[in-house]
Amino acid sequence: MADASTVRATMNYTRDTGVMPEVYFYEPPAGTPIRSPGDDPQQVVVHDGWDRARDFSLDREGFALGDFPSSFAAWDEDAAIKARFYPEVIDFVKATTGARRVVIFDHTIRTKANAAQQTAETTTTQRAPVMLVHCDYTPNSGPLRVRQVLPDEADRLLSGRVAFYNVWKPLRRRVEEKPLAMCDVTSSTDDDFITMALRYRERDGEIYVLRHSDPHHWWYFPGMLPEHALLLKTYDSVEDGRARFLGHSAFDDPTTAPDAPARESIELRTIAFY
């Protein structure tokens with residue numbers, strides 16, 4: 001039941017039909033059968049996490065909130081983001097996770113204005129918020145990404161612990177619409193995760209989408225400011241009971257004012273080596 005510290009909202013889950021869902025990043029041949037994800041929208045309770053913001057753990061719930069003030073403001077310049085903002089993010093992830101090395105392999109600016117480029121073939125840095133319960137990696141695609149990003153070092157690096165963290169941060173203003181919500185890893189099971197294919201012209205990739213389960217416990221941080229940042233664990237090579245895969249999604253907050261400014265955020269995908 002919702003109360004003052006919760007909202008009821010729709011999360012777009014995916015039915016587990018036995019047929020792999022898929023998304024194409026190019027125009028497939030005419031008549032291609034496509035099993036689309038997000039076909040099971042469900043009303044859930046989303047809990048305000050501010051009262052226990054410092055208690056969340058990447059290894060337990062799968063996400064953590066941190067302070068990340070920055071004077072960087074050149075959000076329209078990809079080269080500047082890579083040259084000047086990436087080093088700040090690397091330091092933040094190292095300090096938060098204890099990783100000895102952190103590599104950033106891409107970033108995405110998400111705003112409503114970029115909705116037309118959600119599955120654009122050539123543009124990955126400008127996209128709309130993802131309204132789908134998903135996790136960015138699977139046990140197969142995590143190690144594969146390491147091999148793609150660092151091919152000469154991959155064998156050595158994959159012999160140790162590797163974790164993927166998304167860093168999610170508001171840009172110029174507080175987040176008032178389409179905030180990000182996280183499905184507490186302690187409330188999900190391996191059976192909740194369904195592999196989804198990503199179809200590119202020259203290759204296929206894969207991520208996880210989630211089927212609905214009543215025990216799922218959702219958290220968000222309404223009104224996040226640019227000095228905040230969320231870390232989401234989307235893959236961990238260690239299998240000792242700690243969080244490995246975090247379901248998450250943007251959602252329509254029913255308390256959002258009709259004239260609220262569109263959400264602007266940056267998401268950076270990082271690989272941490274221990």
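This report describes the nonpolar cores, the first helix and two residues with positive phi in a predicted model.

In soluble globular proteins, nonpolar side chains tend to be buried together. The largest nonpolar core here has 29 residues, and those with the most contacts inside it are Met11, Val46, Phe164, Trp218, Phe251 and Phe273. Strand S1, which spans residues 6-13, gives this core its largest share, namely four residues. Apart from this core lies another, of 26 residues, which includes Val89, Ala99, Ile109 and Tyr165. Phe164, when residues up to four places away in sequence are not counted, touches a set of residues that includes Phe105, Tyr137, Arg145, Leu232, Tyr235 and Ile271.

Helix H1 covers residues 78-97 and has a kink of about 45° at Phe85, shortly before Pro87. Phe85 is itself one of the buried residues of H1, which are Ala80, Ile81, Phe85, Tyr86, Val89, Phe92, Val93 and Thr97. What covers these buried residues includes strands S4 (63-67), S5 (101-110), S8 (162-170), S13 (228-236) and S15 (265-273).

Two residues with positive phi are set out below.

| Residue | Phi | Place |
|---|---|---|
| Gly98 | near 80° | follows H1 |
| Lys178 | near 50° | loop between S8 and S9 (180-183) |

In Lys178 the positive phi belongs to a residue other than glycine. Lys178 has a relative accessibility of 18%, and because buried means under 20%, this lysine counts as buried.

Key. Residues are numbered from 1 along each chain as its sequence is written. This is a predicted model: local features need pLDDT of at least 70, side-chain atom pairs count only at pLDDT 80 or more; totals for chains, interfaces and linings use all residues. Side-chain values use heavy atoms; hydrogens and water are left out. A nonpolar core is a set of buried Ala, Val, Leu, Ile, Met, Phe, Trp, Tyr and Cys residues joined through side-chain atoms within 4.5 Å. Buried means under 20% relative accessible area, exposed over 50%, partly exposed in between (1.4 Å probe, protein chains only). Helices (H or I, at least four residues) and strands (E, at least two) are DSSP runs, numbered from the N terminus. Contact means heavy atoms within 4.5 Å. The bend at a residue is the angle between axes fitted to the seven residues ending there and the seven starting there.
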